[in-house]
Amino acid sequence: MHLEIPQVPPEHLDEFCSTRTFKIFNTNNIWVNLRSVKDHLDTISSEIIVNKKNLNGRGVIQLETSIGGCIRNFPRSYCVHVSRHRFLPVKKSDDLLAISSNLYTLSPEKSLVLNRSRPAPIVDLGKFFQKVDDFHARFDDYPDILQLDSLRVEGDVRFEKGVVLKVDDFHARFDDYPDILQLDSLKVEGDIRFERGVVLKGNVRIVNKSDRQKTIKSGTCIDNEEILFE
């Protein structure tokens with residue numbers, strides 16, 4: 001059975017959207033054989049979905065049918081299981097900023113590819129960005145958000161060219177804070193990131209002379225040592 005959000009009672013919405021309850025979601029992509037569609041045109045049926053919306057401050061009811069709900073009319077329908085990265089819906093301007101920025105590039109296969117290993121940031125642009133015209137009017141160019149974890153904008157803000165938004169440098173360098181219970185002194189020079197489970201004891205000096213970030217690996221114990229990265 002195919003369900004859309006407007007068909008779900010409000011008290012069950014959290015359960016419906018939970019990845020614990022449902023492991024598979026549709027990606028809003030349907031491939032059809034037009035000859036088969038032509039053969040079934042006279043018998044295709046789909047339920048009417050009552051979708052309550054707010055349009056310019058006025059409550060409206062949108063009556064719609066779902067193409068996903070129509071697959072029941074075709075006896076030889078199949079589902080293709082794809083990975084999560086194939087699902088990039090753009091339903092709000094928040095989503096539009098993410099895929100328009102340097103977070104994604106277009107692959108030779110014409111699919112959008114995320115340019116980093118961790119998930120895309122959470123973006124909440126606020127009410128002044130929700131209409132497409134208002135959204136574009138507030139960006140001279142899209143900001144660099146490649147190192148951003150989350151963004152929340154409150155109020156009417158405009159972004160000029162060359163803006164870079166990124167996670168706080170301090171927190172970005174710690175997967176978890178090291179155990180320093182037996183530490184006497186610590187000196188860090190250069191760009192260093194600490195993974196989980198690092199223990200520092202005594203007098204510790206960590207130096208990175210290169211122009212690339214170096215990592216103190218998970219489970220490392222540094223006891224009265226100097227660590228040098230060339």
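This is a short tour of a predicted model, one selection at a time.

**Stop 1: the domains**

Start by colouring the chain in three pieces: domain 1 (5-73), domain 2 (88-168) and domain 3 (173-228). If you place a centroid on the C-alpha atoms of domain 1 and another on those of domain 2, the two centres sit 27 Å apart.

**Stop 2: a nonpolar patch**

Now select I30, V32, L34, I67 and I71 and switch on a surface. Together these residues make a nonpolar surface patch with about 480 Å² of accessible area. To get your bearings, pick V32, which is in the loop between α1 (13-16) and α2 (34-40).

**Stop 3: K110, an unusual backbone angle**

Move on to the loop between β3 (104-106) and β4 (112-114), where you will find K110. Check its backbone torsions: phi is near 70 degrees, a positive value in a residue that is not glycine. Most residues other than glycine have a negative phi. K110 is also exposed, at 65% relative accessible area.

**Stop 4: salt bridges**

Side chains of opposite charge can pair when their charged atoms come close. How many salt bridges are there in this model? The count is twelve, and three of them make good stops.

Begin with E160 and R158, whose side chains meet with an N to O distance of 3.5 Å. Both ends are partly exposed, because E160 has a relative accessible area of 47% and R158 has 46%, and the cut-offs for that class are 20% and 50%.

Next, select R173 and D191, a salt bridge with 2.8 Å from N to O. This pair ties together distant parts of the chain, 18 residues apart: R173 is in the loop between α5 (169-172) and β7 (183-189), while D191 is in the loop between β7 and β8 (192-194). Both residues are partly exposed, with R173 at 24% relative accessibility and D191 at 26%.

Then go to E226 and R205, where the closest N and O atoms are 2.9 Å apart. Here the salt bridge runs between two strands, with E226 in β12 (residues 226-229) and R205 in β9 (residues 199-208), 21 residues apart. E226 is partly exposed at 49%, and so is R205 at 30%. Keep R205 and E226 selected and add K187 and E189: salt bridges with shared partners join these four residues into one network.

**Stop 5: S210 and its neighbours**

From β9, follow the chain into the loop that leads to β10 (214-216), and pick S210 there. Is S210 buried or partly exposed? It is partly exposed, since its relative accessibility is 23% and buried means under 20%.

Show the polar contacts of S210. Its side chain has a 2.7 Å polar contact with the side chain of N208, and a polar atom of the S210 side chain lies 3.0 Å from the backbone oxygen of R212. Leaving aside residues up to four places away in sequence, S210 touches F229 and E230. For a longer ruler, draw a C-alpha to C-alpha distance from S210 to L114: the two are 27 Å apart in space and 96 residues apart in sequence.

**Stop 6: N224, another positive phi**

Finish in the loop between β11 (221-223) and β12, where N224 is located. N224 is not a glycine, yet its phi is positive, at about 50 degrees. With a relative accessible area of 48%, N224 is partly exposed.

Definitions and conventions
Residues numbered from 1 in each chain as written. Predicted model: local features only at pLDDT ≥ 70, side-chain atom pairs only at ≥ 80, totals over all residues. Heavy atoms only, no water. Patch = residues over 30% accessible without salt bridge, like charges linked within 9 Å, V, L, I, M, F, W, Y side chains within 5 Å. Areas by Shrake-Rupley, 256 points an atom, 1.4 Å probe, with all protein chains shown as cover. Helix = DSSP H or I, 4+ residues; strand = E, 2+ residues; numbered from the N terminus. Domains from an automatic or database assignment. Buried < 20%, exposed > 50% of the residue type's maximum accessible area, 1.4 Å probe, protein only. Contact = heavy atoms within 4.5 Å. Polar contact = N/O pair within 3.5 Å; in protein donor to acceptor, adjacent residues only side chain to side chain.
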